[in-house]
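Work through the exercises below with the model open. Try each task before you read its solution.

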Amino acid sequence: EDKAWARERVIAALRGEEIWCQLFSEPSGGSDLAGLRTRAEADGNPGSGSGAGGWKVNGQKLWTTWAQHSDYGVLVARTDPTALKHKGLTYFWVDMRAKGVDVRPIKLANRAHHVNEIFFDDVRLEDSQRMSPVGGGFAVAMATLMIERYAATDSCGFGPTLGHFVSLARESTVGGRPALEDGRIRSAIARNHAMRAGLEGIMQRNMQMMAAGMEPGPEGALNKLVSVRSRQKLSELAIDLMGPQGLGWDLDGNIKEDWVASWLDAPTGRLAGGADEMLLNTIAEKVLGL
């Protein structure tokens, strides 16, 4: 019965009929996932470690994208406060409309509202909502994040394409001469072209791995870190090229087409899916073997 229900949810999500969100980050444990404090206690017998009678969740999550529209969420909670940080976590799914779930908006610098904070007040979960072994949630969460770092970004860092920048440069001047004749502009174009081609290669390789039933590698941290950083720098350069027009801001600007909207949104992109510092640690440890 549980497998049939899960299959229905997957099909509904793929069809866009249902929306799921990711309940990971917390005020005191954003990038340090293992340091989270949201608790899931065995209902009726706190501290027993057995969820046979269900679970009761209390705590807070932060920066959850589109939680206000989500039907369900995947949740990592601490089920054993006495275990080592990475060992005492368990992975659940939760109904976002369940009693005790409170979603509150976070307004960003560009006035957008797509991230939220969520409070859990004695939210009841059945043990059938557990998606990992008790205490084995960290590994599932890491697998989720590795996939997210490919699915939730692209070589453009979810910003305008390099072609958009070249088009802008064709219409702009630097020191009274066409911008495309300026060595700094040409260098930026060449550097971004090479970097984005490399990221596309990493992306395609890992997509093929997932299609073959394999787990994607930690290179996703590199993909996410470099793409969003480069998007922010390229957006800054584009705004400089725009001159006084770069001071304009269209509230409805598309971050994939509007350079100002892209630049304002970039800091949020550098936090989502792991902040820069955590991604650098992952690259150092898992890719470079330091």
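A residue is buried when its relative accessible area is under 20%, exposed when it is over 50%, and partly exposed in between. Keep these cut-offs at hand. The model is predicted.

**Exercise 1. The enclosed strand**

Task: Decide how far strand β5 is enclosed by the rest of the structure, and find its pairing with β4.

Solution. Step one: locate strand β5 at residues 89–95. Step two: apply the cut-off for burial. Six of the seven residues of β5 are buried, so the strand is largely enclosed by the rest of the structure. Step three: look for the pairing. Strand β4, residues 72–78, runs antiparallel to β5, and the two share seven bridges. Step four: pick one bridge. Leu75 has Phe92 in β5 as its bridge partner.

**Exercise 2. The whole chain**

Task: Describe the protein chain by its elements, its box and its buried share.

Solution. Step one: count elements. The protein chain has seven helices and nine strands. Step two: take the box along the principal axes. The C-alpha atoms fill roughly 75 × 40 × 35 Å. Step three: apply the burial cut-off to the chain. Of its 290 residues, 42% count as buried.

**Exercise 3. Helix α7 and what follows**

Task: Test the length of helix α7, then work out how its buried residues are placed around the axis.

Solution. Step one: compute the expected span. Helix α7 covers residues 276–287, which is twelve residues. At 1.5 Å a residue, counting one less than the number of residues, the helix should span 16 Å. Step two: compare. The end C-alpha atoms of α7 are 15 Å apart, which agrees.

Step three: list the buried residues of α7. They are Asp276, Leu279 and Ile283. These three cover an arc of only 60 degrees around the axis, which puts them on the same side of α7. Step four: turn to the face directed away from that buried side. Exposed residues Glu277 and Lys286 sit there.

Step five: go past the helix end. Gly289 follows α7 and has a positive phi, near 70 degrees. Leu290 lies in the segment after α7. With a relative accessible area of 75%, Leu290 is exposed. Step six: look for a surface patch. Val287, Leu288 and Leu290 form a nonpolar one, with about 330 Å² of accessible area together.

**Exercise 4. Positive phi outside glycine**

Task: Which elements or loops hold Trp63 and Trp66, and what are their phi values?

Solution. Step one: take Trp63. This residue is in strand β3, residues 55–65. Its phi is positive, near 65 degrees, though the residue is not a glycine. Trp63 has 40% relative accessibility and counts as partly exposed. Step two: take Trp66. This tryptophan is in the loop between β3 and β4. Phi of Trp66 is also positive, about 55 degrees, again in a residue that is not glycine. Its relative accessible area is 42%, so Trp66 is partly exposed.

**Exercise 5. Salt bridges across the sequence**

Task: How many salt bridges does a search of the whole structure find? Then ask which parts of the chain Lys61 and Glu26 tie together, and which parts Arg124 and Asp43 do.

Solution. Step one: the search finds 14 salt bridges. Step two: examine one of them. The side chains of Lys61 and Glu26 meet at 2.9 Å, N to O. Lys61 lies in strand β3 and Glu26 in the loop between β1 (20–23) and β2 (39–42), so this pair ties together parts 35 residues apart in sequence. Both Lys61 and Glu26 are buried.

Step three: examine Arg39 and Glu41, whose side chains form a salt bridge at 3.2 Å, N to O. Arg39 is partly exposed at 31% relative accessibility. Glu41 is partly exposed too, at 24%.

Step four: examine Arg124 and Asp43. Their side chains meet in a salt bridge of 2.3 Å, N to O. Arg124 lies in strand β7, residues 115–125, and Asp43 in the loop between β2 and β3, so the pair ties together parts 81 residues apart in sequence. Arg124 is partly exposed, with a relative accessible area of 37%. Asp43 is partly exposed at 31%. Step five: look for shared partners. Glu8, Arg9 and Glu18 are joined into one network by salt bridges that share partners.

Key
Residues numbered from 1 in each chain as written. Predicted model: local features only at pLDDT ≥ 70, side-chain atom pairs only at ≥ 80, totals over all residues. Heavy atoms only, no water. Helix = DSSP H or I, 4+ residues; strand = E, 2+ residues; numbered from the N terminus. Buried < 20%, exposed > 50% of the residue type's maximum accessible area, 1.4 Å probe, protein only. Arc of directions from axis to C-beta. Patch = residues over 30% accessible without salt bridge, like charges linked within 9 Å, V, L, I, M, F, W, Y side chains within 5 Å. Areas by Shrake-Rupley, 256 points an atom, 1.4 Å probe, with all protein chains shown as cover. Salt bridge = Lys/Arg side-chain N within 4 Å of Asp/Glu carboxyl O. Pairing = 2+ DSSP bridges.
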